[in-house]
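Visitor: I would like a close look at a single part of this model, with the geometry of its side chains spelled out. Please take me through one region carefully, from one residue to the next.

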Amino acid sequence: MSIEPSCSRPVDGEDIVHPRVLPFIIFHLTCFAIIWVDVQPVDWIICGALYVIRMFGITAGFHRYFSHRSFKTSRVFQFFLAFLGQSSAQRGTLWWAAKHREHHKYSDTEQDIHSPVKHGFWHSHVLWIFSKRGRTVDYSIIKDFRKYPELVWLDKWERLPPFLLAILVFAIAGWSGLIVGFFLSTVFLFHGTFTINSLSHVFGKQSYVTGDNSRNNLFLAIITLGEGWHNNHHHFPSATQQGFHWWQIDVTYYILKTLSVFRIVWDLRSPPKHVIEGKRKLSAITIERAAEQLVSSFSIEQIGKAVLKAWAHTPKLEELRKRARISQAEVETFLREMKILELPKIENLKDKAQNMFTYIPSLNPIVERANQIIVHAVSAWLLQNDLCESAVGV
């Protein structure tokens with residue numbers, strides 16, 4: 001069981017497939033051609049418009065519709081959303097949605113391919129896309145949309161939408177429009193979207209207990225049309241709106257709400273009142289992950305060393321060594337029976353949990369489980385370091 005965030009690199013089999021990185025690099029290098037073209041004001045207008053429009057294709061289409069089915073629409077507009085999303089050059093609709101569903105299933109665990117907590121910033125931000133595991137996808141996860149042949153066809157021809165868009169921009173605004181309007185806006189769009197995988201699991205506020213490190217971030221919400229309310233989203237993924245309160249700006253939801261007036265989309269899902277208030281009962285897996293998250297704020301090694309130092313010349317250490325010869329379970333039992341000042345108190349655990357989460361139905365299950373994990377981890381540390389068998393100076 002991992003009780004501390006790991007920054008280890010991806011496991012074997014997730015090494016970067018270097019030829020696949022070249023188009024991504026070329027996109028970035030092409031932007032430097034801005035030095036040699038005569039940039040016009042209209043080019044910047046195209047750049048801004050394509051950023052916003054295609055971001056909507058990602059947020060409303062790829063994410064809220066194809067990944068979470070948070071609203072309904074016609075088959076025609078469904079294809080339009082898929083085409084618009086793919087014009088961002090972020091691979092195919094079915095691939096994107098399937099990988100995102102995997103993310104929610106394993107969020108911030110070792111199986112989460114783009115967790116910054118487990119794999120570091122750069123891997124979560126972009127490198128995972130070019131890894132072997134990132135290239136493959138389990139399409140059975142997305143079989144509800146894979147039944148549409150036009151979506152399967154579009155997913156196969158993932159580069160067609162951005163190619164056609166580039167031709168259109170060039171026809172309208174020439175080379176300067178192509179460089180600034182298409183390539184530069186696409187690069188901005190890449191990194192704007194990618195911040196939700198990386199930064200929104202590191203910076204911001206955790207209002208709800210979700211069992212992962214998802215956070216709410218106003219700045220990210222602005223640059224991604226509302227996706228920055230990421231902790232809200234992980235709390236209730238099937239909601240169309242991600243800004244749960246009126247002050248939480250969610251441009252994507254405003255647009256979808258407007259489209260619903262004209263029946264272009266319908267059945268937009270809203271989070272129930274008890275969900276917004278954080279009164280929904282926590283699942284066992286959420287409690288487990290939240291407890292591990294709470295424990296990660298403590299150093300097990302420091303606690304273990306403090307215990308040994310405090311007990312160095314007392315009968316307690318001899319009893320600990322005796323129990324260690326039997327089993328780890330005996331060590332855990334002994335640690336629970338003793339009043340160990342070096343272990344964090346329940347009150348301290350509660351205070352930390354309260355500071356972590358704004359809306360929480362009950363701290364007790366999380367705190368109790370966190371206490372169990374700490375005792376287990378400390379006993380394991382004592383045994384693994386052979387410190388119960390010999391008098392080691394601390």
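Guide: In this predicted model, a good place to begin is helix H10 (residues 160-198), where Phe 190 and Phe 194 lie four residues apart, about one turn of the helix. Phe 190 is buried, with a relative accessible area of 3%, and Phe 194, with a relative accessible area of 6%, is buried as well. Both residues belong to a cluster that ring pairs build from Phe 24, Phe 27, Phe 130, Phe 182, Phe 183, Phe 190 and Phe 194.

From these two rings one can step across to Gln 90, which is found in the loop between H3 and H4 and whose contacts, leaving aside residues up to four places away in sequence, are Ile 58, Phe 62, Trp 95, Trp 96, Leu 189, Phe 190, Thr 193 and Phe 194. Gln 90 has a relative accessible area of 6%, and because buried means under 20%, this residue counts as buried. Its side chain makes a polar contact of 3.2 Å with the side chain of Thr 193. The C-alpha atoms of Gln 90 and Ile 58 are separated by 8.9 Å, although the two residues are 32 apart along the chain.

The neighbouring residue in that loop, Ala 89, lies between helix H3 (75-86) and helix H4 (93-105) and has a phi near 65°, a positive value in a residue other than glycine. Most residues other than glycine have a negative phi. At 24% relative accessibility, Ala 89 counts as partly exposed.

Trp 95, one of the contacts of Gln 90, leads on to the aromatic pairs, of which the structure holds 21. Among them is the stacked pair of Trp 95 and Trp 128, with 5.7 Å centre to centre and 5° between the planes. This pair links distant parts of the chain, since Trp 95 is in helix H4 and Trp 128 is in the loop between helix H6 (121-125) and helix H7 (132-135), 33 residues apart. Trp 95 is buried at 4% relative accessibility, and Trp 128 is likewise buried at 5%. The rings of Phe 190 and Phe 194 have their centres 6.0 Å apart and their planes at 5°, so this pair, too, is stacked.

The ring of Trp 95 has a charged partner as well: the charged end of Arg 91 sits over that ring, 4.4 Å from its centre.

Methods: Residues numbered from 1 in each chain as written. Predicted model: local features only at pLDDT ≥ 70, side-chain atom pairs only at ≥ 80, totals over all residues. Heavy atoms only, no water. Buried < 20%, exposed > 50% of the residue type's maximum accessible area, 1.4 Å probe, protein only. Contact = heavy atoms within 4.5 Å. Polar contact = N/O pair within 3.5 Å; in protein donor to acceptor, adjacent residues only side chain to side chain. Phe/Tyr/Trp six-rings, centres within 6.5 Å; stacked < 30°, edge-to-face > 60°. Lys NZ or Arg CZ within 6 Å of the ring centre and 35° of its normal.
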